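This report describes one protein chain, part by part. Look at the sequence and the model first, then read on.

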Amino acid sequence: MPRTTDTDGTPVPQRLLAAATRLFAEQGYDRTSVQEIVEAAGVTKGALYHYFGSKDDLLHEVYARVLRVQQERLDAFADADEPVEKRVRDAAADVVVTTIENLDDAMIFFRSMHHLSPEKNKQVRAERRRYHERFRALIEEGQQAGVFSRATPADLVVDYHFGSVHHLSTWYRPDGPMSPQEVADHLADLLLRALRP
């Protein structure tokens, strides 16, 4: 059985994911070989296949790990004992910050999702749909309570906000004029202004 950690204590799966993320971001998924990933991670192909069945599994995990964090955070915001407007604003800002904090992962995913196997593609779409449906439920809650305008269907509101989020990897630069939180605040405020009755 492959060693689970390196001499510095970093677990092999994390080393493989870090190497794959860097290489996929620099070279593209389709131009990165399994051999390059294992060499960059300092492990054997056997170790990779022990933890991940394929390069496709690595691509899926690059995105899934971010989405898991975002889903947990959204669930916490949605379940909080706060007014719906605050919960929506907090959730809308958080998805921007967590996307920027994982910009390589987001860029890789949106550039390379079409490389996923049909089964993995279906799984990712289901995971994203669950996230978007939870966010939409918050918008609908605010609309039903009269806090938000009903003029725009909740589905379009969700598509509007997440279109902005998914576009971040094309323009946001860490050395740019705005911090992740500043971008998040602007986009969350823009969403709330659009929702006001």
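## Regions from the record

UniProt, in an unreviewed entry, places the feature "domain: HTH tetR-type" at residues 10–70. Over residues 10–70 the chain is 77% helix and 0% strand. The C-alpha atoms at the two ends of residues 10–70 are 24 Å apart.

The unreviewed entry in UniProt also lists a "DNA-binding region" at residues 33–52. Residues 33–52 are 75% helix and 0% strand, and the end C-alpha atoms of this span lie 14 Å apart. Both features are annotations, and such annotations may be inferred rather than shown by experiment.

## The chain as a whole

The model is predicted. What does the secondary structure of the chain come to? There are 9 helices and 0 strands, so the pattern read along the sequence is α-α-α-α-α-α-α-α-α. The C-alpha trace spans about 60 × 35 × 30 Å along its principal axes.

The chain has 197 residues, and 45% of them count as buried. About 10300 Å² of the chain is exposed, and carbon and sulfur atoms supply 51% of that area. Among contacts between residues at least 6 apart in sequence, 68% join residues at least 24 apart. On the side chains there are 25 positive and 31 negative charges. The centres of the two sets lie 3 Å apart.

## Helix α6 and its neighbours

Helix α6 covers residues 103–112. Its buried residues are L103, D105, A106, I108, F109 and S112. Which helices do the buried residues of α6 pack against? They pack against α1 (12–27), α4 (55–79), α5 (84–101), α7 and α8 (154–171).

One of the buried residues of α6 is D105. D105 has a relative accessibility of 6% and therefore counts as buried, since the cut-off for buried is under 20%. Leaving aside its neighbours within four places in sequence, D105 is in contact with T21, V62, R65 and V66.

## A cluster of rings

A search of the whole structure finds 7 aromatic pairs. Y63 and F109 form an aromatic pair that is stacked, with 3.6 Å from centre to centre and 15° between the planes. The pair links distant parts of the chain, as Y63 lies in helix α4 and F109 in helix α6, 46 residues apart. Is Y63 buried or exposed? Y63 counts as buried because its relative accessibility is 8%. F109 is also buried, with a relative accessible area of 1%.

Y63 pairs with F110 as well: the ring centres are 6.3 Å apart and the planes are at 70°, so this pair is edge-to-face. Because Y63 lies in helix α4 and F110 in helix α6, the pair ties together parts that are 47 residues apart in sequence. F110 is partly exposed, with a relative accessible area of 32%. Ring pairs thus link Y63, F109 and F110 into a cluster.

## Two positions on other helices

D79 lies in helix α4. Its relative accessible area is 56%, so D79 is exposed; the cut-off for exposed is over 50%. How many residues apart in sequence are D79 and L138? They are 59 residues apart in sequence, and 9.9 Å separates them in space, C-alpha to C-alpha.

Q123 lies in helix α7, which covers residues 118–144. Q123 is partly exposed because its relative accessible area is 32%, a value between the cut-offs for buried and exposed. The C-alpha atoms of Q123 and E133 are separated by 15 Å. Along the chain, Q123 and E133 are 10 residues apart.

How values were computed: Residues are numbered from 1 along each chain as its sequence is written. This is a predicted model: local features need pLDDT of at least 70, side-chain atom pairs count only at pLDDT 80 or more; totals for chains, interfaces and linings use all residues. Side-chain values use heavy atoms; hydrogens and water are left out. Helices (H or I, at least four residues) and strands (E, at least two) are DSSP runs, numbered from the N terminus. Buried means under 20% relative accessible area, exposed over 50%, partly exposed in between (1.4 Å probe, protein chains only). Contact means heavy atoms within 4.5 Å. Accessible areas come from the Shrake-Rupley method with a 1.4 Å probe; for residues, only the protein chains shown count as cover. Lys and Arg count as positive and Asp and Glu as negative; His and the chain ends are not counted. The place of a charge is taken as NZ of Lys, CZ of Arg, CG of Asp or CD of Glu. Rings of Phe, Tyr and Trp (its six-membered ring) pair if their centres lie within 6.5 Å; planes under 30 degrees apart count as stacked, over 60 as edge-to-face and the rest as tilted.
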